[in-house]
2 protein chains.
Amino acid sequence: MHKATPELIQQIVSEVLNEIELEAIPIGISNRHVHLTEQDFQQLFPGETLTPMKPLKQPGEFAAEQTVTIVGSKGEQSRVRILGPFRKRSQAEISMTDTRTLGIPAPVRLSGHLEDAAEVTLKNGEHCVTIKGCIVAKRHIHMSFKDMARFKLSAGDTVSVRVKTEERTTLFEDVEIRPGEKFILEMHVDTDEANAANIKPDTVGSLIRR
Amino acid sequence: MHKATPELIQQIVSEVLNEIELEAIPIGISNRHVHLTEQDFQQLFPGETLTPMKPLKQPGEFAAEQTVTIVGSKGEQSRVRILGPFRKRSQAEISMTDTRTLGIPAPVRLSGHLEDAAEVTLKNGEHCVTIKGCIVAKRHIHMSFKDMARFKLSAGDTVSVRVKTEERTTLFEDVEIRPGEKFILEMHVDTDEANAANIKPDTVGSLIRR
């Protein structure tokens with residue numbers, strides 16, 4: 001094999017990146033939010049019904065009318081949207097910026113992986129509930145089995161997504177694939193990641209399999 | 001040339017990334033801060049002296065004892081540190097998260113490039129000054145001319161820096177080189193970028209020339 005000179009390496013990197021940026025991935029920006037069990041919802045909103053306000057892109061999921069206040073050791077964040085439908089475990093997803101502002105030591109974890117999630121109190125007026133379910137969401141792509149086959153990806157694979165933007169082009173590695181029969185192809189990043197890469201609502205990423 | 005199959009491309013990408021991650025770049029995380037002209041400082045702190053509290057990594061630069069409040073259309077942020085020494089133009093650097101929270105439409109710009117910077121009011125008690133100098137800092141690397149020669153870089157070049165971290169490995173492109181005779185090698189990212197990539201105070205990046 002030839003000796004890899006810096007110039008040759010640069011040329012290869014450029015050509016490789018140009019070759020492989022083939023697949024456009026729509027990007028959704030997740031603001032802080034909570035998912036609740038029906039039981040926790042009833043404790044916070046006795047007698048109320050979880051009311052859909054706006055459908056989300058993934059089929060059946062919606063932003064609800066109801067919001068809660070997240071209480072940390074350093075501060076509170078009011079008007080945090082509940083996303084429906086109900087889940088088997090309650091979960092709060094905040095940004096790493098929030099972990100510092102609110103004083104909640106939440107780890108970066110894929111949704112549903114709550115083994116070492118932080119404890120957090122959710123509040124609605126005088127009603128409150130404490131859950132061990134606060135995480136900073138790990139970036140991921142919702143993908144149908146059909147799309148996974150098209151991209152030759154398996155459950156558990158991670159990929160990279162390049163986001164070309166004004167002044168802040170970024171390649172996100174460690175992007176997990178979240179397979180689901182009815183999932184619409186969509187990468188989810190949080191507000192820190194969106195801000196760091198200057199992502200706007202219409203920004204599209206490029207899938208790079210690694 | 002051979003046909004570039006997806007498998008071959010992946011192998012090349014991996015080998016290339018492994019080959020070229022040679023140069024370690026220390027990373028500094030910039031919290032929101034302001035630089036002031038002596039005149040603007042005197043307007044905010046009549047009769048006072050800008051008092052060094054802690055030296056920064058770059059020679060001669062320091063965090064001052066004094067702080068100001070940044071006032072936006074949606075909110076205020078108190079205790080924003082002044083960095084010294086005085087500059088020829090006053091400048092406030094906030095995160096993109098701050099632009100939304102405070103309601104200040106600051107663009108992503110390299111420090112000192114204030115042509116279309118946002119207008120912002122700085123306040124100390126009843127004293128205040130309004131400057132057209134609020135930006136979201138573009139990521140950059142402080143680099144001495146000696147280091148630039150070592151990396152074979154010229155003024156105006158941009159590079160990429162890969163940051164390998166727990167759960168959030170990220171390649172930052174669009175990283176500008178800021179040359180200076182006495183600069184200590186250091187990449188500056190803001191808090192959004194640090195949070196998006198799970199960067200801790202001891203995280204080191206890898207320079208990738210593009």
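Let's start with an open space: the second largest pocket holds about 790 Å³. Bear in mind as you look around that this is a predicted model. Of the 38 residues lining that pocket, those closest to its centre are A:I29, A:S30, A:L56, A:L83 and A:H188. Several elements of chain A each give two or more residues to the lining: the strands β1 (23-30), β2, β3 (52-55), β5 (76-84), β10 (140-143) and β13 (186-190), together with the helix α5 (191-196). The largest share, five residues, comes from β1(A). In chemical character the lining is mixed, with 13 nonpolar, twelve polar and 13 charged residues.

Strand β2 of chain A, which spans residues 33-35, is a good place to go next, and A:H35 lies in it. Is this histidine buried or exposed? A:H35 has a relative accessible area of 4%, and because anything under 20% counts as buried, A:H35 is buried. Its side chain makes a polar contact with the side chain of A:R87, at 3.5 Å. Looking beyond the neighbours within four places in sequence, you will find A:H35 in contact with A:L83, A:R87, A:R89, A:S90, A:Q91 and A:E93. One of these, A:L83, was also among the residues closest to the centre of the second largest pocket.

Now for the cysteines. How many disulfides does the structure hold? Over all chains there are zero. A:C128, for instance, is in no disulfide, and the nearest cysteine sulfur, that of A:C134, is 15 Å away. A disulfide needs two cysteine sulfur atoms within 2.5 Å, so a separation of 15 Å rules out this pair. Seen from the other side, A:C134 is in no disulfide either, and the nearest cysteine sulfur to it is that of A:C128. The surroundings of the two residues can be set side by side: A:C128 is partly exposed, at 40% relative accessibility, whereas A:C134 is buried, with a relative accessible area of 0%.

Moving over to chain B, have a look at helix α3, residues 96-103. This helix is mostly covered, as six of its eight residues are buried. The buried residues are B:M96, B:T97, B:D98, B:T99, B:L102 and B:G103.

Our last stop in chain B is B:D157, found in the loop between α4 (145-151) and β11 (158-163). With 22% relative accessibility, B:D157 counts as partly exposed. B:D157 and B:G125 are 32 residues apart in sequence, and their C-alpha atoms are 42 Å apart in space.

Conventions. Residues numbered from 1 in each chain as written. Chains lettered and ligands numbered in written order. Predicted model: local features only at pLDDT ≥ 70, side-chain atom pairs only at ≥ 80, totals over all residues. Heavy atoms only, no water. Buried < 20%, exposed > 50% of the residue type's maximum accessible area, 1.4 Å probe, protein only. Helix = DSSP H or I, 4+ residues; strand = E, 2+ residues; numbered from the N terminus. Polar contact = N/O pair within 3.5 Å; in protein donor to acceptor, adjacent residues only side chain to side chain. Contact = heavy atoms within 4.5 Å. 1 Å grid on protein atoms, 1.4 Å probe; cavity = no way out; pocket = protein on both sides within 12 Å on 5 of 7 lines; lining within 4 Å. Points joined across faces, edges and corners; volume = space filled by probe spheres on them. Nonpolar A, V, L, I, M, F, W, Y, C, P; charged D, E, K, R; others polar.
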